[in-house]
Amino acid sequence: MTHHISSAKQLLSVGGALVILTVLTVAVAQIHIPSPFNIVVAIAIAAVKAALVAAFFMNLYWDSKFNLMLLFFGVVFISLLFGLTLLDTMFRETITAPF
C-alpha cells in the first residue's frame, strides 16, 4: 500500500471547515434552543468535526478499511458503555439523608 500525502490546499480546506464548525457551535450556544435539542445539535456538530479530523488528519480516508472498522467499533463500544451508565444513573431514586 502506498502512502498518501495530503496537499496543503486540502489540509487548509479541512482546517477552515473545522473553524467554521467551531464558530457554528459558538453561534448555536448563543441562541436558546429547547433543552433536549441543544445537546443533540452540539453533539452532531462535534461528531462532524471528529469525523473530519479522523478522515483527513488521521488519514483514515485513504487507509485500509480495517482501521476504519476499528474506529467505528470503538465509537460504538464507548457509546454503549456511556448509554448503559446513563440508563443506570438517570432512573435512580433520590436518596435523602436520614437526619
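User: What makes the residue just after α2 notable, and what is its phi?

Analyst: In this predicted model, N59 comes just after α2 and takes a positive phi of about 60°. The value is positive in a residue other than glycine. N59 is found in the loop between α2 and α3.

User: Why is N59 called partly exposed?

Analyst: The relative accessibility of N59 is 29%. Partly exposed covers the range between the 20% limit for buried and the 50% limit for exposed, so N59 at 29% counts as partly exposed.

User: Why does S6 count as buried?

Analyst: S6 has 19% relative accessibility, and buried means under 20%; S6 therefore counts as buried. This residue lies in the segment before α1.

User: Which residues does S6 touch, not counting those up to four places away in sequence?

Analyst: S6 touches L11, F56, N59 and W62, where contact means heavy atoms within 4.5 Å. Of these partners, F56 is one of the buried residues of α2, while N59 is in the loop between α2 and α3.

User: Is I33 buried or partly exposed, and how do you know?

Analyst: I33 has 25% relative accessibility. Buried would require a value under 20% and exposed a value over 50%, so I33 counts as partly exposed. I33 is found in the loop between α1 and α2. Leaving aside neighbours within four places in sequence, I33 is in contact with V28, N38 and V41. V28 is itself buried in α1.

User: Why is the pair of F72 and F73 called edge-to-face?

Analyst: The structure holds four aromatic pairs. In the pair of F72 and F73, the ring centres are 5.4 Å apart and the planes stand at 65°. Centres within 6.5 Å make a pair, and planes over 60 degrees apart count as edge-to-face; the pair of F72 and F73 is therefore edge-to-face. F73 has a relative accessible area of 49%, and exposed means over 50%, so F73 is partly exposed.

User: Which residues do ring pairs link into a cluster?

Analyst: The cluster consists of F56, Y61 and W62. Among them, F56 and W62 are also touched by S6.

User: How do you know that the span of α2 is close to the expected one?

Analyst: α2 has 23 residues and reaches 33 Å from its first C-alpha to its last, against the 33 Å expected at 1.5 Å a residue. For α1, also with 23 residues, the reach is 33 Å, close to the expected 33 Å.

User: Which residues of α1 and α2 are buried, and what do they pack against?

Analyst: In α2 the buried residues are I45, L52, A54, A55 and F56, and they pack against α1 and α3. In α1 they are V14, L18, L21 and V28, and what covers them includes α2.

User: What is the volume of the largest pocket, and which residues are closest to its centre?

Analyst: The volume of the largest pocket is about 280 Å³. Of the 13 residues that line it, A47, A50, A51, L71 and V75 are the closest to its centre. α2 and α3 each supply at least two residues of the lining, and the largest share, six residues, comes from α3.

User: How do the residues of the lining of the largest pocket divide by type?

Analyst: The lining holds eleven nonpolar residues, one polar and one charged. Ala, Leu and Val count as nonpolar, so the residues closest to the centre, A47, A50, A51, L71 and V75, belong to the nonpolar group.

Methods. Residues numbered from 1 in each chain as written. Predicted model: local features only at pLDDT ≥ 70, side-chain atom pairs only at ≥ 80, totals over all residues. Heavy atoms only, no water. Phe/Tyr/Trp six-rings, centres within 6.5 Å; stacked < 30°, edge-to-face > 60°. Buried < 20%, exposed > 50% of the residue type's maximum accessible area, 1.4 Å probe, protein only. 1 Å grid on protein atoms, 1.4 Å probe; cavity = no way out; pocket = protein on both sides within 12 Å on 5 of 7 lines; lining within 4 Å. Points joined across faces, edges and corners; volume = space filled by probe spheres on them. Helix = DSSP H or I, 4+ residues; strand = E, 2+ residues; numbered from the N terminus. Expected span 1.5 Å × (residues − 1).
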